[in-house]
Structure formats: C-alpha cells, structure tokens
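User: Please examine one part of this model closely, beginning with its aromatic rings and then placing them in the setting of the packing around them. A single connected account would serve me best.

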Amino acid sequence: MADKKKKQLPPEAQQYQRLQAKREIKRPVFKNCIKAFLVGGLICLIGQLITTFYIHFFDFTEQTAGNPTVATLIIITMLLTGFGIYDHLGQFAGAGTAVPVTGFANAVISSAIEHRPEGYILGVGGNMLKLAGPVIVYGVFSAFIVALIKTVLTMFT
Amino acid sequence: MIFFWAFVVGGLICVIGQIMFDVFKLTPAHTLTTLVVVGAVLDGFGLYEPLINFAGAGATVPITSFGNSLVHGAMAEAEDHGLIGVITGIFEVTSAGISAAIIFGVIASLLFKPKG
Amino acid sequence: MLMGHSSWKFNNLPVILSTGVVGGPFEAQGKIANDFDILHEDMWLKQDSYEKAQQIMMEQSCQLAVKKANIDKGQVDYFISGDLINQITPSTFAAKTVDVPYFGLFSACATSTESLALAALIINAGGAKYILSGTASHNAAAERQFRYPTEYGGQKPPTAQWTVTGAGCALVSSSGDGPVITTATIGKVVDMGLTDAFNMGGAMAPAAVDTIVRHLTDRNVEPSFYDLIITGDLGKIGREASFDLLKEKGIEVDPTKYVDCGLTIYTDDQPVHAGGSGTACSAVATYGHFLNRMKEGKLKRILLVATGALHSPLSIQQKKPIPCIAHAVSIEARGGET
Amino acid sequence: MYLKRIIIIISIFILTACANNIQKDPTFEPTGNRDLELVKLSSKEIMDQNPSNRAKELLSQYAEISGVRAVNDKNELLIGVDIDHHERFSLDNMESELRKKIKENFSDLKVTLSTDQKILLELEKLEEDIRNKKVSNDELRKKIKELKSLSKEET
C-alpha cells in the first residue's frame, strides 16, 4: 500500500524521501517496549492490588470486583490528568499508559478539561469523546457482530 | 502468583500496543480501536475469559477487556431474549468504564484547568 | 525592484527600527532567555484560554516595538500578522487592539518572513512610513489545534517538534537607525509526499532548499556572502536533510554558518525532541537573538529563511501530503551593502 | 529524569509489598496436594459437617487442587476450591467437572461450588466460627444463603 503510493510520486520526491529517511531520528522501539512493559504491567499490578483489596474488605467476588477496580483506576487517572502528571507519564511510557483503561480515561478527561473555554455543552460535552469515541464505536460494533455470529450459531446447533 | 501474572500479561499487552505505535506508526486512536476489536474477537472464540482467570487484572485492566465485556453483555442478554438481546445487552457489562470516565471527565472539567 | 524571477531588491532600504519579543515559561529556561523583552511565568497569562494568551503576547510585542522606537501608536500605518490558529483569529483580535489597518497572512511558520517581506515592499514603494510586522504562537494552543489535548498522555516520537510560546514583532520604517532589509525571495509550495505530521522538519527541508537556491541565483551571490543563513524551524532532522540536499545541488554551505531558529531557542536537555517550531519560532529567534548580535556588530549580513508546513488537521486525516513553503529575507547591518 | 527514578522506586516497592502479601496469606500459597489443608470439623458441633468433610476428602484426590473449604447445613453444601495458578487457564472446564463430580456424590444436597477468592475467604472464616462454636444454626443457614447468592452474582 505504502509502496504503491510511493511509486506514484515523482522521482525527485522519491529520491528526497530516501535521503530524508537517512536523517530521520529512529524511534527507540526496544527501549519504548521495555518502558511500556514495565509501566503497563505496573498499572495492571496496581489494578490487581485494588481488586484484592475489594475482595478482602468488601462484599465483592472476583467477578464483581472488576467494576469498582476500574472506577478506582479512573479516579486516580482523573487526579493525575488534572494535576498535569499523566501526559508526562504518557511521554515516558507510551502504550504502557495508553493501553490500560487509565489511558481511555485520560483520553476522555483530558479532552473534557481542554475544552472548557468553549463552554460546558459544546466544549466539554461535545469534545469529551473526541479521542475515545472511536474505541466505543468500534468496540460496540465489533461486539455486535461477534455476539450476532455466536447467537446465530448457537441457534442452529 | 496472580500478581506476577497480572504484571506480565498486562505488560505484554502494552508491548503489543507499543509495537503498533512505533513499528506500524499507528495513532493512539487506531491502536486502541484495533485492540478493542481484537478483545471482542478473542472473546468470540472463548479465549479471553481463560486469560482473565489466569491473569486477573492483567487481562481486565487493558482496553482489550472492553471488547470482551461488550460481547459478554450482548451474549448474556441474547441468551434470555434471543437476537434482539444482542443489541440491547451490549452495554450491560461495560457501563462501569464508560460511565466512570464520563462522570469523572465532567467533574475534572469543573475542578481542573489544563497545565499546558 | 524585481531581482531575478522571484526576488525583490529594496533599493530604499527599509529599516527595522525596533523589535518586541515576548516569551513563555519554557523559553525562559532556554538558551536565549536574555534576548527576550518580556518572559511570562504563566502559560495562561491569567487569561481564560490559550488563544487569548497568544493574542495578549502579540499585543505586548507590538506595544514594545512601538515604545522602543519612541513613536506614537497612531503613527503606525499598517499591521501585518498571522498565526496558526483557526482562521488566524488571535492575530485578528490583536489587530483590533492595535487599531491600525491590518493584513492577515497565513504561511504557517513562514509567516514571520512573509510579513517582513511584504512590509519591506510596501515601505520601499512609499506605501507607508511605519509598519508593524509580527507573529505569535502558543504551545498549548497549537497542541490542541493540531495534535491532542495538552493533558493527553500520547507519546511523541523523537522527530516531533515543540511549538514556541511567544511573539515577535518588528517595526519597519522608511528611515531611522537600525538594520536594513535588502532583499526578499518568495517561496513556492513544495511537497515531497511526506505525510508524517510528527516530522515536519523533514517535510519542510526541500522548501527551504528551493528558496535558498533561488535566492542565491537571483541575487547572484555565494552562500559565503552571508555571515549566517538562518532557517526557521527545521529542527535537527530538517537541518541535516536540507544540508545534504544543498550539497547534492552543488551548493557548499559552511555548517557553522547554517543555523536553525528551532535549535537556537532551547537548551539540549529541554524535552523539545527534534527542536522548536511554530510561527513565533523564527520571529522570536531573529528579532531577539540574531538582531541583538547584529547590533553588537557580531553579524553583518544574515539570510533568514522561515519555513512553514501548510497542512491542516483535516488534510492530514485525509492522508494528503504536507505542503511546505519557505520565504527568505536578507537583513544587513547599515553599511553592509557595498 | 527523576520521573524515571520515581517509577522504578514505586515498582520495587509494590513488587516487594505484594511478595510479602503472598507469603502472609495462606490462600495464595500454592501448597500443592500433599500438605493440603484439610481441617475436619467435628460432627458433634452445631450442625453435622460430615458432608463437608466427605467433599473435602473427595476433592483432595485432584492434584490441581491446592485448598478446599466447605460448609454445609441441612440442605445446602457450599464448597470453595483453590486451584493451582497454572491450571487457571482451564478454570471453567475444571469447575464444571468438579461440580459434576460433587453432584453425583451428594445427590441429597444442593451443591454450590466456587473457585472465587471471596468465597474461599468467607468459608475460611465460617469454618473457624463453626469450630469455635461462635455461630448458631440459624446464622449458619443465613450465611450460606448469603454466600450462595454472592457466588452467583455476575460482574
């Protein structure tokens, strides 16, 4: 796909892109992966600690402790986002902070506080799901397809 | 043990995300959307629930679990109400993450200003 | 007047009477903090939006330039400005406060030289006596317009650049003391098919090279004619890529005399990735740092080549390549032209 | 730069903290089959705990099971099972297999079997209470009913 597109470019542009690629600072993929692993793992570990806490001290089972765990992580994210810490964590950890549910919460919360100058309805309300929207949209749609196939299959077997 | 595996499995899912960022040059939105769809499909094959049993929060905290619980909600409702349940049940299980994010988003917008 | 195909030679030598340079907190920790007139501690400047903060910085830099030149605000004939934010509204609101006839420009980060070239052209032709020419940008305002909310934890690759928070304004006049604007070359839109919005330096380098080559041909001089060739915001990648490209075209530039504004403002340990960028980047570095060196006599002739990436968030989402432009203006200390 | 240091310190802290946690809590210890904790409760106590004891013996044959807790009243048998962690991938199959096995052997009782940590914890407390005779028959019945509904709860 990308190669095909490149071939349509004039030779001058292709030549420049090769020259530029040599000068481009490469992303430190391995280092980033290590950082993502450590921070992402740490967030999940904290999640597990919170889950265990809820199981031991409240009437939650392994199944039902998931929801309060997520809510707790989101509250922590709100504070970290509001005090301007989460974006620095994100620069350090990359996917390590983006992939856990805290990253989803950060996307929602950062959009919400960013757009306060535009008002609460059109600014906060209208832009809150700007970044997280696609996740919800395609999560719901793919879940619909998967559940549909499963249901139809079970109906005929 | 569960703590160790939560760390390792959660970390590995994040590494997959990082590879999508850096090697395939996808935006965060593309990456997270893909992971959610993958979570839904894995649950379709019945593979995500064993992972949760094994890794606990290592599988429930990453965004992939979002797809999993959407399918779960839909399936639970479908068992009771048939095909129409697939549509009505989707948010049954997932609502905590989305509603908490929205509620605390609004609260945050009342409390905080971006720091720049 | 017209020199070659796309350059102007200003025979009446418009003068840069004075400048006003304003910066933000991050710039205050940088290498050239002493060259700013005002440095703000607060990203918000006590305003309720980043766009408003940018507007205030623009207004302040205009006031400073007017005050330093010891003229009355009413004597200014035109205000030429532009920026990166939606339909250049911060510049427009600043123009309302400045309250003089206004040209609004958009050349992204090349706006500073475009406005300086137009100001010189008008002064040279006798169309005005005093013109304010300046630009402003704000890191957080640009972030939320072009990238993500400022508190979003997205990871920026090392090719990304840091938008300068600041404003730079020059008061151009037909007479008086100060460095003079001798020539200007207007750039063409150059697009080499690069689509990565996190690597603008690499995308803009060919535009800078194109303008430098045409300028040197039009003026019929060697690169060594200038004490410094200053590019706008190419950053590390763009600077090196443009250097290679110049060499490929057979133009030998002394690497010590080829500098970039984006690499001038910040220290090496500030987390700016590949360097600074933004409309204010070239304005702040030139009107502050480089003109001060010229006043001290350390520089005689400089060629300022501000580069701009003319994409929008929309064009990037539609997978269009990044169109780039560069405008060049030569500034010389009085007596430099022999 | 000190952000990096903070993250390292926090991760070390949490890792050591949870390592301690594992040691302190016997339910997390993968003890294996041999030293399986089988506290048999006397049959003379408040309610005849014989079915529970039989169930424990039956389940202790499984190598994958590292701990069993069970409590019963007249009609209900409530069993909590702790399974070796590496077996948890096939937890669902395992659970239904055990459930089938128990149901075959205790056809006269309503059996609830769970692998949930919460149920295990509560059963442990309940066993303790029975042993110390701190619980009346009524309370026991109520508690079993409560735990049964807790184990059925989803998400």
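Analyst:
**Aromatic rings and their surroundings**

C:Arg301 lies over the face of C:Phe225, at a distance of 4.0 Å from the ring centre. This description, like everything that follows, is taken from a predicted model. A charge over a ring also occurs between two chains: B:Lys113 is placed over the face of C:Trp44, 4.3 Å from the centre of the ring.

Rings also pair with one another, and over all chains the structure holds 21 aromatic pairs. One of them joins A:Tyr54 and A:Phe60 in an edge-to-face arrangement, with 5.8 Å from centre to centre and 85° between the planes. The two partners can also be described by their exposure. A:Tyr54 has a relative accessibility of 15% and therefore counts as buried, whereas A:Phe60, at 25%, is partly exposed. Both belong to a cluster in which ring pairs link A:Phe53, A:Tyr54, A:Phe57, A:Phe58 and A:Phe60.

The packing of nonpolar residues comes next. In soluble globular proteins, nonpolar side chains tend to be buried together. Here the largest nonpolar core contains 69 residues, and those with the most contacts inside it are A:Ile74, A:Val99, A:Phe104, A:Val135, B:Val61, B:Ile63 and B:Phe66. The element that gives the most to this core is helix α7 (residues 101–114) of chain A, with eight residues. A:Ile74 illustrates how the two chains meet: apart from neighbours within four places in sequence, A:Ile74 is in contact with A:Ala105 and A:Ile109, and also with B:Gly97, B:Ala100, B:Ala101 and B:Phe104. A second core, separate from this one, has 44 residues, including C:Ile16, C:Ile32, C:Ala283 and C:Leu304.

Among the five pairs of chains that touch, chains A and B have the most contacts. Chains C and D do not touch, and their nearest C-alpha atoms are 10 Å apart.

Chain B has seven helices and zero strands, and buried residues make up 60% of its 116 residues. One of its helices, α3 (residues 48–55), has eight of its eight residues buried, so this helix is largely enclosed by the rest of the structure. Among the buried residues of α3(B) are B:Tyr48, B:Glu49, B:Asn53 and B:Phe54. Their cover comes from several chains: it includes α3 (29–57) of chain A, α1 (2–22), α2 (28–44), α4 (57–60) and α5 (64–81) of chain B, and α3 (91–105) of chain D. The residue that follows α3(B) is B:Gly56, which has a positive phi, near 55°.

Helix α5 (residues 137–152) of chain D shows another arrangement. At 1.5 Å a residue, its 16 residues should span 22 Å, and this agrees with the 23 Å between its end C-alpha atoms. Within α5(D), the residues D:Leu140, D:Ile144, D:Leu147, D:Lys148 and D:Leu150 are buried. Seen down the helix axis, the buried residues fall within an arc of 160°, so they line one face of α5(D). D:Lys142, D:Lys145 and D:Lys152 are exposed on the other side of the helix. The buried residues of α5(D) are covered by elements of chain D that include β1 (65–72), β2 (76–83), β3 (110–114) and α4 (117–131).

How values were computed: Residues numbered from 1 in each chain as written. Chains lettered and ligands numbered in written order. Predicted model: local features only at pLDDT ≥ 70, side-chain atom pairs only at ≥ 80, totals over all residues. Heavy atoms only, no water. Core = buried A, V, L, I, M, F, W, Y, C linked by side-chain atoms within 4.5 Å. Buried < 20%, exposed > 50% of the residue type's maximum accessible area, 1.4 Å probe, protein only. Helix = DSSP H or I, 4+ residues; strand = E, 2+ residues; numbered from the N terminus. Contact = heavy atoms within 4.5 Å. Phe/Tyr/Trp six-rings, centres within 6.5 Å; stacked < 30°, edge-to-face > 60°. Lys NZ or Arg CZ within 6 Å of the ring centre and 35° of its normal. Expected span 1.5 Å × (residues − 1). Arc of directions from axis to C-beta.
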